[in-house]
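Student: Could we go through this model together, one question at a time?
Tutor: Gladly, let's have a look.

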Amino acid sequence: HPVILSSANTFSHAKLTVPFSDYVTRLMAPQNIENPANNSWYLFGDNDYKEWQNVFSSYQQPEYILAEERLSGFTASLSFGMGSSGTGVPFHVHGPGFSEV
């Protein structure tokens, strides 16, 4: 199954579509600290909700998130990400969010 990867530079300009198996076996190898961020590829933000439904449906949301949904009428938008050992998404800002590691 193909996945859309993003580079780690600001605004994730570069995108790369590869089979998931290639990402895990070839691109998720531990990275050298000298590797520039735009050469690191992450699976995040472009999740195919239909394709990954079994992953999303198995996640148990914290009760306080569910309570907020009941009070506000909004539904949480679930997402997940994966990256290689020795990498990390550079400092960035965006709107409200809740993250778990």
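The questions and answers below go from the overall fold to a few charged and buried side chains.

Student: In what pattern do the helices and strands follow each other along the sequence?
Tutor: Keep in mind that this is a predicted model. The protein has 3 helices and 4 strands. Read along the sequence, they give the pattern β-β-α-β-α-α-β.

Student: Among contacts with a separation of 6 or more, what share joins residues 24 or more positions apart?
Tutor: For scale, the C-alpha trace spans about 45 × 30 × 20 Å along its principal axes, and buried residues make up 21% of the 101 residues. Of the contacts with a separation of 6 or more, the share from residues 24 or more positions apart is 62%.

Student: How many salt bridges does a search of the whole structure find?
Tutor: The protein has 4 positive and 9 negative side chains. One salt bridge pairs Arg70 with Glu63, and another pairs Asp46 with Lys15. For the whole structure, the search gives 2.

Student: How many residues apart in sequence are the parts that Asp46 and Lys15 tie together?
Tutor: The closest N and O atoms of Asp46 and Lys15 are 2.6 Å apart. Asp46 lies in the loop between E3 and helix H2, while Lys15 is in strand E2, so the pair ties together parts whose separation in sequence is 31 residues.

Student: Is Arg70, the partner of Glu63, buried or exposed?
Tutor: The closest N and O atoms of this salt bridge are 2.6 Å apart. Glu63 has 48% relative accessibility, so it counts as partly exposed. Arg70 has a relative accessible area of 58%, and the cut-off is over 50%, so Arg70 is exposed.

Student: Which side chain of opposite charge is nearest to Glu69, and how far away is it?
Tutor: Glu69 sits in helix H3, residues 63-72. Glu69 is buried yet has no salt bridge. The nearest side chain of opposite charge is Arg70, at 7.0 Å.

Student: Which residue has its backbone nitrogen 2.6 Å from a polar atom of the Glu69 side chain?
Tutor: Leaving aside neighbours within four places in sequence, Glu69 is in contact with Gln61, Phe74, Thr75 and Ala76. The residue with its backbone nitrogen at 2.6 Å from the Glu69 side chain is Ala76.

Student: What is the relative accessible area of Ser40?
Tutor: Ser40 lies in the loop between helix H1 and strand E3. Beyond residues up to four places away in sequence, Ser40 touches Ser6, Ser7, Ala8, Gln31, Asn35 and Thr87. Ser40 is buried, and its relative accessible area is 6%.

Terms used
Residues are numbered from 1 along each chain as its sequence is written. This is a predicted model: local features need pLDDT of at least 70, side-chain atom pairs count only at pLDDT 80 or more; totals for chains, interfaces and linings use all residues. Side-chain values use heavy atoms; hydrogens and water are left out. Helices (H or I, at least four residues) and strands (E, at least two) are DSSP runs, numbered from the N terminus. Buried means under 20% relative accessible area, exposed over 50%, partly exposed in between (1.4 Å probe, protein chains only). Lys and Arg count as positive and Asp and Glu as negative; His and the chain ends are not counted. A salt bridge is a side-chain nitrogen of Lys or Arg within 4 Å of a carboxyl oxygen of Asp or Glu. A polar contact is a pair of N or O atoms within 3.5 Å; within protein, one must be able to donate a hydrogen and the other to accept it, and residues adjacent in sequence count only if both atoms are side-chain atoms. Contact means heavy atoms within 4.5 Å. The place of a charge is taken as NZ of Lys, CZ of Arg, CG of Asp or CD of Glu.
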